[in-house]
Amino acid sequence: MITGELKSKIDSIWDTIWTGGISSPITVLEQITYLMFMKLLDDTETRKEGAASIFKGMKYKSKVFKEGNFFPDKDRNREIPYADLRWSSFKHKSPEQMFDLVKDYVFPFIKKVNGESKETAFSRFMEDAVFLIPTPKVLGVCVDTLSDIDMANKDIMGDVYEYCLGKMASSGTLGQFRTPRHIIDMIVNITSPTLDDTILDPAMGSAGFLLGTAQYIHDHYEIELHNKEKQKHFSSTMFNGFDTDPSMLRIGAMNMLLHGIDEPNIARQDSLSDENGVRNAYSLIMANPPFAGSVFPEDISKDLLSICKTKKTELLFLALFIKSLKLGGRCACIVPDGVLFGSSRAHKDIRKELIENNKLQAVISMPSGVFKPYAGVSTAILVFTKDPSGTKDVWFYDMKADGYSLDDKRSEIAENDIPDIISRYHNLDGEKDRKRTEQSFFVSKKEIVDNGYDLSINKYKEVVYKKVEYRSTKEIFAEIDELNKQASQLEDELRKLLGIN
């Protein structure tokens, strides 16, 4: 979610490229993300250089902007020092010099980052990328504007991508909208990933959940990451993601490379179809799958239909999570409220599967404004483990505030239940005696089964109605008579002062 000055600057860049002659909104969007990636690469290396000089007292040796020269193609007569490819270097050049440098050298360079000698996920998704900024003047204005933007946000490219989709009136048309960063961080903190996990997001978009996990690992396992085997797992086999949108996959690949994940297993595929045949493989799944979509029955993997026969993507993805987890694996996913209480056979079947053949641990109800301004749908987070022994008790939490206003502006506010949710989830033993009138409480499996596997919090929450005492009618009329009397006296005094009979 972007607001204020950043929003204004992105609008300015958009208008500049559009005015320069690019009429396709998607092309404009892609060119903006390429330029942002160029800057982010340099910003990331600059931070590493600073950290190395402060904490290690040595010169940082970059794996991106190497020593020596870069050759953009097989023609060895065309070469340029890697240092000249950095944003901090070329931004000071004239528009004409900058344009030739970026077009002929910097753009070919970013397409080959981390993939000069071998095919990687990044090189695959960048293969068909094309630099289409039309003129030196347009590029100069864009570079000047982007140079003033602080890009410390973990997934600023994803945020900008969604904002631009909103400008194109495309966001949310298929139930696709990005998860707010603070909600991702909450889910990551609830699931507490470790370096032993193998993680999947089968509707990854710009890789927000994977990036959130990477940051969590850096924050909690910094020492362990120095182990070569752990580092190898972190940079390659730990992170897995699929999506059908090539532009989002490209942004996801860029984002992950910037966060030290060099060879993630990310691919363009329909996670619900037979082309996704991986099962019982992941120890942790975090996802916010499409809500409003549906798919052709003939394209759906048959083993998913064995859990719930439906075309609704929000139910099929739940079935996919169950099938994809290894035994003991855990999942935290966002679902629309309809999944919790829907009365169709498919709705009941998936909830029964979660309760009877898995261990459903938590249902966290979120307010309807969490996804504004893109959508006003009410949602919840389901947390469960693949455990055939089944569910015992389920913890419910009624989130009323997430630290932002629930209107389209989403301004920061003081009220925020997220720290309380994280704290209580990691101390569920202390929740046993909470009453149904409180914000969080347990519900037994038996009660849930007796209610047709309904998982909506309002089904179990007790509302305390306060008795309101009203004054008697006689007392109210007496007060009115007294007020009328006082008004008449004041009117008489005013008439005397004005000499009015």
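For the classification of lining residues, Ala, Val, Leu, Ile, Met, Phe, Trp, Tyr, Cys and Pro count as nonpolar, Asp, Glu, Lys and Arg as charged, and the others, Gly among them, as polar. The model is predicted, so that local features need pLDDT of at least 70 and side-chain atom pairs count only at pLDDT 80 or more, whereas totals for chains, interfaces and linings use all residues. Residues are numbered from 1 along each chain as its sequence is written, and side-chain values use heavy atoms, with hydrogens and water left out.

The second largest cavity (a cavity being, on a 1 Å grid over the protein atoms alone, a set of points where a 1.4 Å probe fits but cannot get out, with lining residues having an atom within 4 Å of a point) is lined by Ala121, Phe122, Ala253, Met256, Leu257, Ile261, Asp262, Pro264 and Ile266. This lining comprises eight nonpolar residues, no polar residue and one charged residue.

A search of the whole structure for aromatic pairs (rings of Phe, Tyr and Trp, the last by its six-membered ring, with centres within 6.5 Å; planes under 30 degrees apart count as stacked, over 60 as edge-to-face and the rest as tilted) finds 14. The rings of Tyr82 and Phe109 have centres 6.0 Å apart and planes at 70 degrees, and the pair is therefore edge-to-face. Tyr82 is buried (under 20% relative accessible area, calculated with a 1.4 Å probe on protein chains only), with a value of 5%, and Phe109 is likewise buried, at 3%. Ring pairs also link Tyr34, Phe99, Phe107 and Phe131 into a cluster.

Conventions
On a 1 Å grid over the protein atoms alone, a cavity is a set of points where a 1.4 Å probe fits but cannot get out, and a pocket is an open set with protein on both sides within 12 Å along at least five of seven lines; lining residues have an atom within 4 Å of a point. Buried means under 20% relative accessible area, exposed over 50%, partly exposed in between (1.4 Å probe, protein chains only).
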